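This report goes through one structure by site, from the metals to the loops. Please keep the sequence and the 3D view open while reading.

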Amino acid sequence: MATAATRDTAGTTAYGTPDATGDTTAYQRAFDAAVAADDRIEPRDWMPDAYRATLVRQIAQHAHSEIIGMQPEANWITRAPSLRRKAILMAKVQDEAGHGLYLYSAAETLGVSRDELLDKLHSGRQKYSSIFNYPTLTWADVGAIGWLVDGAAITNQVPLCRCSYGPYARAMVRICKEESFHQRQGYELLLALSRGTPEQHAMAQDAVDRWWWPSLMMFGPPDDASQHSAQSMAWKIKRHSNDELRQRFVDICVPQAESLGLTLPDPDLKWNEERGHHDFGPIDWTEFWDVLKGNGPCNEQRITQRRRAHDEGAWVREAAAAHAAKHHGEARHTGQTGAARA
Ligand SMILES: [Fe+2]
Ligand SMILES: [Fe+2]
C-alpha cells in the first residue's frame, strides 16, 4: 500500500485483511504512510472503515447528482431554439448520464452495489446536490447552468483528480474534461443571448440572477459549519475547504460576467486589494438548509421522476441480465470462462 515494496507486480498489496487477532495497527500505519506520501489507495488495499464509508457517501452523492442533474436541462431539449442547440444539449445531458456511470462504478469498487445506492437515493437516504431542486424556467437557464453550475462543479472537482482514492481520482480526470466543455457551451449560449435582442439580454440576466446564489451554495456550508471537512482533508479526499473553493469560483466568475455583459446579483461584490480576492455578500443559509431538507421548489418532482424512470427501465435491466446469463452459459458450455477469454 504505502510503497512499491508492499505491492506485487499486479499492483495489489502484500497486505490482505487483518489477521485473526483483528489487530489493524500495521495496516493503519501503512495506510497513513500512503496518504502522507500522496500515494493512491486502491480497492484491494486495507482502509479504515470510516474512510470507506466517507467515500461511499461522497461518491454516491456525486453519482446521484449527475443523473438527477439531467432532469432540469432535459426539460429544454424539445424546445431548444435550433437543431445545433438541440444537438449540443442532448450531448451534454448524455455526458451527465456517463458521469453517473463512471461514479457508480467507482463506488462499486468499495463493495456496495449500484442497486443498493439507487435504492438509497429513491428512498431519500442518500442525497444529491441541492442545486438541481431549482426549476429551469427559460431557455437562458440552460446557459446559466452550463456557465455557473458546471463551472462550480469544475472548481470543486479539479482538486478531486488528486483524491487519495484511485478509482475516484481517475473518474474525475475524465469528468473534468467533459465538464469544461459544458461550462464553455453555457458561456457561449449566454453570450449569444446577451448580445441578442433586448428581450434575449433580459432573459440571460434573469437566469443569472436566479442561479448565482444557489451556485455559491454548491460549495457546501461555511467551513465552521461543515461536518465532514476536516477529516476528509486529513485523508486527502478533499484538498481545499468549502470557503476556499467558493472564493476561487467568485474570483473566476467576476471577469467572465463582465465579458458576458451581464451583472452578478450582489451589491456587495467588489475587489479587495488587500486580500487579493473579491469580497461578496452574505449567503442565505436558511434557504440552503431548507432546500436540503426537501423543501426546494422541485425536490418532489425530481425524485418522483427519478423513481418513474427507474421503474420504466426495469425491462432493460432484466433483458441485459438475461443476455449476460445466456452468454455466461454459452461460455461455460464451450469451456471458456470470462478470465480465459480476457
Ligand atoms: Fe457531470
Ligand atoms: Fe456537466
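## Two buried carboxylates

Glu 96 and Glu 179 are both buried. The model is a predicted one, and the values below are computed from it. Glu 179 is a donor to the iron ion (ligand 1) and also appears among the donors of the iron ion (ligand 2). Asp 150 is buried, as is Glu 179.

## The iron ion (ligand 1)

Which residues coordinate the iron ion (ligand 1)? The donors are Glu 66 (OE), Glu 96 (OE), His 99 (ND1) and Glu 179 (OE), at 2.0 to 2.2 Å. Along the chain they follow the spacing E-x29-E-x2-H-x79-E. Glu 96 sits in helix H4 (residues 83–108) and Glu 179 in helix H7 (residues 166–194), so this pair ties together parts of the chain that are 83 residues apart in sequence.

The 4 donor atoms make angles of 85 to 141 degrees, and the site of the iron ion (ligand 1) is irregular. The upper value matters here because four donors count as tetrahedral if all angles lie between 85 and 135 degrees.

## The iron ion (ligand 2)

For the iron ion (ligand 2), coordination comes from Glu 96 (OE), Asp 150 (OD), Glu 179 (OE) and His 182 (ND1), at 2.0 to 2.2 Å. The site of the iron ion (ligand 2) is irregular, with angles of 85 to 158 degrees among its 4 donor atoms. The spacing of these donors in the sequence is E-x53-D-x28-E-x2-H. Distant parts of the chain are linked by a pair of them: Asp 150 in helix H6 and Glu 179 in helix H7, 29 residues apart.

How far apart are the iron ion (ligand 1) and the iron ion (ligand 2)? The separation is 3.4 Å, and Glu 96 coordinates both. Glu 96 thus acts as a bridge between the two ions.

## The cavity

Rolling a probe the size of a water molecule over the atoms shows where empty space is left. The count for this model comes to 1 cavity of 30 Å³ or more. The volume of the largest cavity is about 30 Å³.

Which residues line the largest cavity? The lining is made of Arg 85, Ile 88, Leu 89, Trp 139, Val 142, Gln 185 and Leu 189. By residue class, the lining divides into 5 nonpolar, 1 polar and 1 charged. Helices H4 and H7 each supply at least two residues of the lining, and H4 gives the most, with 3 residues. H4 and H7 are also the helices that hold Glu 96 and Glu 179, respectively.

## Pro 135 and its loop

Pro 135 is located in the loop between helix H5 (114–122) and helix H6 (140–157). Is Pro 135 buried or partly exposed? Its relative accessible area is 26%, and Pro 135 is partly exposed; the cut-off for buried is under 20%.

Leaving out residues up to four places away in sequence, Pro 135 touches Asp 141, Arg 210, Trp 211, Pro 297, Cys 298 and Arg 302. The C-alpha atom of Pro 135 is separated by 9.8 Å from that of Asn 299, which is 164 residues away along the chain.

## Two residues with positive phi

Asp 38 has a positive phi of about 65 degrees, although it is not a glycine. Lys 236, likewise not a glycine, has a positive phi of about 60 degrees. Asp 38 is in the loop between H1 and helix H2 (49–68), while Lys 236 is in the loop between helix H9 (229–234) and helix H10 (242–260).

What does Asp 38 touch, not counting residues up to four places away in sequence? Asp 38 touches Lys 236 and Arg 239. Asp 38 counts as partly exposed, at 44% relative accessibility. The C-alpha atoms of Asp 38 and Arg 162 are separated by 8.6 Å, although the two residues are 124 apart along the chain.

## Asp 23

Asp 23 is found in the segment before helix H1 (25–36). Asp 23 is partly exposed, with a relative accessible area of 43%. Between the C-alpha atoms of Asp 23 and Met 233, the separation is 26 Å, with their positions 210 residues apart along the chain.

Methods
Residues are numbered from 1 along each chain as its sequence is written. Chains are lettered from A and ligands numbered from 1 in the order in which they are written. This is a predicted model: local features need pLDDT of at least 70, side-chain atom pairs count only at pLDDT 80 or more; totals for chains, interfaces and linings use all residues. Side-chain values use heavy atoms; hydrogens and water are left out. Donors are N, O and S atoms within 2.8 Å of the metal (3.2 Å for Na, K and Ca); water is not among the atoms, so sites may look incomplete. Four donors count as tetrahedral if all angles lie between 85 and 135 degrees; four count as square planar and six as octahedral if opposite donors are over 155 degrees apart and all others between 65 and 115; anything else is irregular. Helices (H or I, at least four residues) and strands (E, at least two) are DSSP runs, numbered from the N terminus. Buried means under 20% relative accessible area, exposed over 50%, partly exposed in between (1.4 Å probe, protein chains only). Contact means heavy atoms within 4.5 Å. On a 1 Å grid over the protein atoms alone, a cavity is a set of points where a 1.4 Å probe fits but cannot get out, and a pocket is an open set with protein on both sides within 12 Å along at least five of seven lines; lining residues have an atom within 4 Å of a point. Grid points are joined across faces, edges and corners, and a volume is the space filled by probe spheres set on the points. Ala, Val, Leu, Ile, Met, Phe, Trp, Tyr, Cys and Pro count as nonpolar, Asp, Glu, Lys and Arg as charged, and the others, Gly among them, as polar.
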